[in-house]
Amino acid sequence: MEYPKDPYISIHYRKYLGLDKILSAQHLRSADLEKPAHDEMLFIVIHQIYELWFKQIIHELDSVSKMFKNDYLDENNIATAVSRLDRVLVIMNILLEQIKVIETIKPMDFLEFRNYLFPASGFQSFQFRKVEVMLGLPSDQRITYNNLPYHSPFTDEEKRELDSIEQSGTLVTELIAWLERTPFLKFNEYSFLKVYKEAVNKMIGKEQDAIRQSQYLTEQEKEMRLAMVGNTSNYFASIFDEEAHNKLIAEGKLRFSYKATLAALFIKLYRDEPILQVPNQLLERLLDIEELLTAWRYRHAQMVLRTLGRKIGTGGSSGYDYLAKTAEKHHIFYDLYNLSTMMIPKEDLPELPKELKDKLSFTFTVK
Ligand code: HEM
């Protein structure tokens with residue numbers, strides 16, 4: 001900022017906000033080419049608005065990432081991280097809502113200026129890719145187009161920046177490291193895994209008994225349902241057996257280490273214990289982000305189908321088909337979804353030993 005470093009110097013709204021620059025940054029190609037298209041103004045403004053919101057999201061994610069990287073994330077910090085992620089979520093909701101504004105550009109009105117945009121495309125949004133990478137979308141699980149690496153539209157410096165975020169730690173890898181530091185999974189004689197296994201077997205046993213004893217199911221239906229319960233219990237195999245878990249990691253189906261998964265499971269199951277409430281909120285917010293990002297991908301793809309039909313994109317992809325595939329495949333916090341399969345009813349949840357329960361409460365003693 002060009003202001004002198006004097007906190008009491010008077011400043012002007014227009015200058016402070018850089019409005020001269022921002023409000024003169026809408027250059028209509030159609031007007032330059034003397035074929036002015038009315039809707040091109042909206043097309044430019046909406047993209048600029050998105051880029052500004054991406055900038056804010058990056059600012060928030062960066063601060064959350066720094067808190068994680070400090071190796072020191074206490075209750076206060078986690079609460080701050082959760083409130084920053086809450087802000088990201090409010091913004092993402094707006095990004096989703098704004099697709100309606102884009103949809104006011106009708107197909108024929110878009111075609112008035114679309115040809116002038118070639119080969120510009122959302123593919124070239126560095127900030128969008130940065131958000132994806134900061135969150136932890138792995139480059140080797142991306143859908144590619146024309147066999148090009150996802151960051152091919154960027155400068156070498158930008159590519160290096162994306163690679164370095166991926167290598168130095170994304171929200172996923174930082175979350176894993178934080179979960180791995182969670183104590184309490186073993187406490188004196190108590191082993192979380194042991195009591196959890198017993199509770200799961202009890203729950204499955206109850207489900208099987210209910211099927212066997214049902215008066216409303218035929219023998220064939222009972223057999224089918226028992227087989228289905230058997231399949232569900234296979235899901236638990238990875239949490240009961242570290243080797244089975246590591247195999248799924250090697251196959252690219254899971255990313256959380258075994259220890260991190262157990263810690264996340266413990267947090268989710270005992271989320272009502274005072275010390276675990278904010279960590280649980282953190283896990284919930286990350287799932288919310290995942291859901292909103294996926295919702296945005298679907299909405300953007302639907303909007304593209306409505307505006308462009310099956311035409312190919314200006315960036316060189318198949319257009320709608322490519323975008324719909326990213327909505328289906330580009331997931332980040334999928335390990336957290338697995339935890340929902342591992343949940344057990346509260347009535348089957350084993351009591352924690354008293355000393356551990358005390359440790360997980362906020363205690364206040366007056367002498
Ligand atoms: C009429 C409006 C729009 C149309 C027709 C449209 C169309 C497309 C198409 C066809 C693609 C696929 C890439 C390609 O081959 O070009 C794409 C990608 C993309 N668009 Fe849009 N888009 C529109 C508006 C927007 C807006 C307002 C944003 C906000 C920044 C945006 C962000 C993106 C992003 C980030 C990608 C890359 C997605 C990915 O690879 O996962 N688009 N768009």
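Visitor: Leaving aside its neighbours within four places in sequence, which residues is Lys69 in contact with?

Guide: This is a predicted model, and a contact list is best read together with the secondary structure and the accessibility of the residue. Once the neighbours within four places in sequence are set aside, Lys69 is in contact with Ser168, Gly169 and Glu174. Lys69 belongs to helix H4, which covers residues 40–69.

Visitor: Does a residue have to be classed as either buried or exposed, or how does Lys69 count?

Guide: There is a class in between, and because its relative accessibility is 42%, Lys69 counts as partly exposed. As for distances across the chain, Lys69 and Phe256 are 187 residues apart in sequence, and their C-alpha atoms are separated by 17 Å.

Visitor: Is Thr326 buried or exposed, and what does Thr326 touch beyond residues up to four places away in sequence?

Guide: Thr326, a residue of helix H16 (residues 320–329), is buried, because its relative accessible area is 4% and the cut-off for that class is under 20%. Apart from residues up to four places away in sequence, Thr326 touches Ile143 and Arg297. A polar atom of the Thr326 side chain also lies 2.6 Å from the backbone oxygen of Leu323.

Visitor: How should I read the iron site, and which protein donor does the iron atom of the ligand have?

Guide: One begins with the donor atoms and their distances, and here the only protein donor of the iron atom of the ligand is NE2 of His300, at 2.2 Å. His300 is found in helix H15, which spans residues 274–308.

Visitor: Which residues come nearest to the ligand?

Guide: There are 27 residues around the ligand, and those that come nearest are Arg129, His300, Gly315, Ser317 and Tyr322. For polar contacts, it helps to separate side-chain from backbone atoms: an N or O atom in the side chain of Arg129 is 2.6 Å from an oxygen atom of the ligand, whereas in Gly315 a backbone N or O atom lies 2.7 Å from a ligand oxygen. Gly316 likewise places a backbone N or O atom 3.4 Å from an oxygen atom of the ligand.

Visitor: How many residues does the largest nonpolar core have, and which of them have the most contacts inside it?

Guide: The largest nonpolar core has 103 residues, and Phe192, Tyr196 and Phe266 are those with the most contacts inside it. Helix H15 supplies the largest share of this core, with 14 residues. Phe266 touches, among others, Phe184, Leu185, Tyr190, Phe192 and Leu276, not counting residues up to four places away in sequence.

Terms used: Residues numbered from 1 in each chain as written. Predicted model: local features only at pLDDT ≥ 70, side-chain atom pairs only at ≥ 80, totals over all residues. Heavy atoms only, no water. Donors = N, O, S within 2.8 Å, 3.2 Å for Na, K, Ca; no water. Helix = DSSP H or I, 4+ residues; strand = E, 2+ residues; numbered from the N terminus. Core = buried A, V, L, I, M, F, W, Y, C linked by side-chain atoms within 4.5 Å. Buried < 20%, exposed > 50% of the residue type's maximum accessible area, 1.4 Å probe, protein only. Contact = heavy atoms within 4.5 Å. Near = heavy atom within 4 Å. Polar contact = N/O pair within 3.5 Å; in protein donor to acceptor, adjacent residues only side chain to side chain.
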